[in-house]
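Here is a short tour for anyone who would like to get acquainted with this protein before heading back to the bench. Have the structure open in a viewer and follow along.

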Amino acid sequence: MSRHRNVRGYNYDEDFEDDDVYGQSVEDDYCISPSTAQFIYSRRDKPATFAEPLEEEYGYEGTDAAADCFTSTHQLTEVDRARLNSCLDQMREVLAESIPEQAMVQAVLDTKFDVQKALDLVLSQGSKQNVKTKNKDAVILAKTTKGKPRDSQSTRMESEIVPKITKMTVSGKKQSMGFEVPCAIAEENGHTNTPQKGLLPEDARVASGVLEAVSKSTLSPQVVQVSEEQNMVPSPAKKSSKAKPQIDVKAELEKRQGGKQLLNLVVIGHVDAGKSTLMGHLLYLLGNVNKRTMHKYEQESKKAGKASFAYAWVLDETGEERERGVTMDVGMTKFETPTKVITLMDAPGHKDFIPNMITGAAQADVAILVVDASRGEFEAGFETGGQTREHGLLVRSLGVTQLAVAVNKMDQVNWQQERFQEITSKLGQFLKQAGFKESDVAYVPTSGLGGENLVTRGQSSDLTQWYKGKCLLEQIDSFKPPQRSVDKPFRLCVADVFKDQGSGFCVTGKIEAGYIQVGERLLAMPPNETCTAKGITLHDEPVDWAAAGDHVSLTLTGMDIIKINVGCVFCDPKEPIKVCTRFRARVLIFNIEVPITKGFPVLLHYQTVSEPATITRLLSVLHKSTGEVTKKKPKFLAKGQNALIELQTQRPVALELYKDFKELGRFMLRYSGSTIAAGVVTEIKE
């Protein structure tokens, strides 16, 4: 039984001579933050420390002490003392602690224990003395603050009246943080009380605060109300910091680009037409890709058994794209010509990735259509099911009016003029039907792999003997930049969302209209959430502002990343974009095999959105050129028809009317992997 201690006579003090770690719990100072510790009661603190300030501040002691003091002078009997205490209890219920205990005891004794009379006496005395004492206090305070050190009681009182203000200097301007004490001038009986000259800034603020408190109690309510209203008005400095500094966007645009205009270019065409190789070689020849990187791509592509794909790897950056040899997502980069700054978007040609191609084309101003000149390849891309036709129709429907046709791989047919003319005649006829003007379409023979006729005019004798036109770079440089909607409200369609290293998150996309500055508030639709633009990045460089036509990356704060999806539209909170699930539109039906009827399911492609929708009503068939109604409430729509329909989407989408915002009023309809119609929004229902 040796393991059982004899606890009956055990001396515990010997065990707990050191710090008792387990027995102290809350009383320990460590593991409690200083901010929490001030609210926690500790037995170690002497209770006297709490009692002393109360006696100093209020200038009276406990009830019993006051009563004892008076009973000793007045020599009350036990019965009278009991009556006195009961009277004091009743008076305390009415007056609380507004009147000192001594005055209450004196009043009770003067009125011979009549509570009502004692109350009247105390209140009448209090109202008479109130004004006098307050005026005296203000004068005394002003005198004492001149140069004499104040005692601990007065400093404690003042610190309770006026909280101290922490000062912070930002770029030379003083800004006060914390509580602001309005330095109102208290007017009393026609005299103006102002803080005296000898006061320190903080003392002056304290004195003005006390004077204001005194004056407010004595002034009429109307005057107090006026002074409060004046204090409510924000200072002009605050207004100017919030107000958006107006900038001359057009002048700034000219300045930023050094006179060079911005142009968004998309490269489209059938799969394996050589789009990525063509543009990769162009970038290499322009010096945008250094020789070391290019050499690395050549070595890696040889190892992978794809030596001819070296230039394509400049734009196809992901492992899967390089492995498959097919562009899957829109690759984006920037290069400069003598007069333009070009944002290049390399769109995928494979029909599986047409939604990505639509996203790229929706953000473009001009396009390069790349076609394969080798025998059989051009025909495969151009005939039914090929992507050359579909891409041509898509970019025209999405608002691209200027087109350069790069007839690629001409070196494989020995730069034959006959082959070039055959391709241009076939394509010319089709593009005219699609809605391109002949003057806005240019044809350039090129070789993407050989680099012929890309940056400089072709040197090959087979080409120069019959082709005297521009090279591809000159053709890109000759494009006319479209009108930017800088004066309209801000609109940005989200193309991508990702988490940033710091706080907040980033969204990328093209600014369709308006302009934005750092620090502005934005509204995201359809989620209907507001946030702040913390930073703007244009071509990987941080900028203070950006305008319509720019491809930017915005760093946003004040909002959860979960609420933002690709396809959301950021807009000006004062002029938000409309959100609906039902809208009417005018559509042009493409070559379709199955007629469109009521209830037809489609996939709505709008900017960067891809949303399932249903055609709920067929309203009318319109004349192609005049737009007049030729047939009301048709049973079905056949290919080539122009019609007015009503669409219903499953989730809300942010749309604008075509007449207000051309860029945000266009959309495409697809069904089972092929584009069946293009349309413009005419009316938003709900």
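The points below go through a cavity, some salt bridges, one helix and a few spots along the backbone.

Please keep in mind throughout that this is a predicted model. A search of the whole structure turns up 25 salt bridges, and one cavity of 30 Å³ or more is present.

**The cavity**

- Rolling a probe the size of a water molecule over the atoms shows where empty space is left.
- The largest cavity has a volume of about 50 Å³.
- Which residues line the largest cavity? The lining is made up of H270, V271, D272, A273, V370, V371, D372, E377, F378, G381 and T388.
- Two elements, β8 (366-372) and α16 (377-382), each give at least two residues to the lining of this cavity.
- By character, the lining residues of the largest cavity split into five nonpolar, three polar and three charged.

**Salt bridges**

- Side chains of opposite charge can pair when their charged atoms come close.
- A good place to begin is the pair R324 and E320, whose side chains form a salt bridge at 3.6 Å, N to O.
- R324 and E320 sit four residues apart in helix α14 (residues 319-324), so about one helical turn separates them.
- R324 is partly exposed, with 44% relative accessibility, and E320 is also partly exposed, at 45%.
- Next, look at E656 and R491, a salt bridge in which the closest N and O atoms are 2.8 Å apart.
- E656 belongs to the loop between β26 (642-655) and β27 (666-671), while R491 is in strand β11 (residues 491-499), so this pair ties together parts that are 165 residues apart in sequence.
- Are E656 and R491 buried or exposed? Both of these residues are buried.
- A further salt bridge joins R617 and E646, with 3.7 Å between the closest N and O atoms.
- This pair links distant parts of the chain, with R617 in strand β23 (residues 609-622) and E646 in strand β26, 29 residues apart.
- The two partners have different surroundings: R617 counts as partly exposed at 36% relative accessibility, whereas E646 counts as buried at 2%.
- R617 and E646 also belong to a network of salt bridges that links them with R582, R584, E683 and K685.

**Helix α18**

- Helix α18 (residues 417-434) has 18 residues, which at 1.5 Å a residue should span 26 Å. Its end C-alpha atoms lie 25 Å apart, in agreement with that expectation.
- Which residues of α18 are buried? They include R419, F420, I423, T424, L427, F430, L431 and A434.
- These buried residues cover an arc of only 140° around the axis, so they fall on the same side of α18.
- On the other side of α18 you will find E418, Q429, K432 and Q433, which are exposed.

**Backbone spots worth a look**

- M525 and P526 are joined by a cis peptide bond, with omega about 0°.
- P526 is located in the loop between β14 (521-525) and β15 (529-538).
- N453 is not a glycine, yet its phi is positive, at about 65°.
- You can find N453 in the loop between β10 (441-445) and α19 (461-464). With a relative accessible area of 2%, N453 is buried.
- K633 is not a glycine either, and has a positive phi of about 45°.
- The loop between β24 (629-632) and β25 (636-637) holds K633. Is K633 buried or exposed? Its relative accessibility is 66%, so K633 counts as exposed.

**A lysine in a loop**

- K468 is in the loop between α19 and α20 (472-477).
- K468 has a relative accessible area of 63%, so it is exposed.
- How far apart in space are K468 and R457? From C-alpha to C-alpha the distance is 8.5 Å, and the two are eleven residues apart in sequence.

Methods
Residues are numbered from 1 along each chain as its sequence is written. This is a predicted model: local features need pLDDT of at least 70, side-chain atom pairs count only at pLDDT 80 or more; totals for chains, interfaces and linings use all residues. Side-chain values use heavy atoms; hydrogens and water are left out. On a 1 Å grid over the protein atoms alone, a cavity is a set of points where a 1.4 Å probe fits but cannot get out, and a pocket is an open set with protein on both sides within 12 Å along at least five of seven lines; lining residues have an atom within 4 Å of a point. Grid points are joined across faces, edges and corners, and a volume is the space filled by probe spheres set on the points. Ala, Val, Leu, Ile, Met, Phe, Trp, Tyr, Cys and Pro count as nonpolar, Asp, Glu, Lys and Arg as charged, and the others, Gly among them, as polar. A salt bridge is a side-chain nitrogen of Lys or Arg within 4 Å of a carboxyl oxygen of Asp or Glu. Buried means under 20% relative accessible area, exposed over 50%, partly exposed in between (1.4 Å probe, protein chains only). The expected span of a helix is 1.5 Å times one less than its number of residues. The arc is that of the directions from the helix axis to the C-beta atoms.
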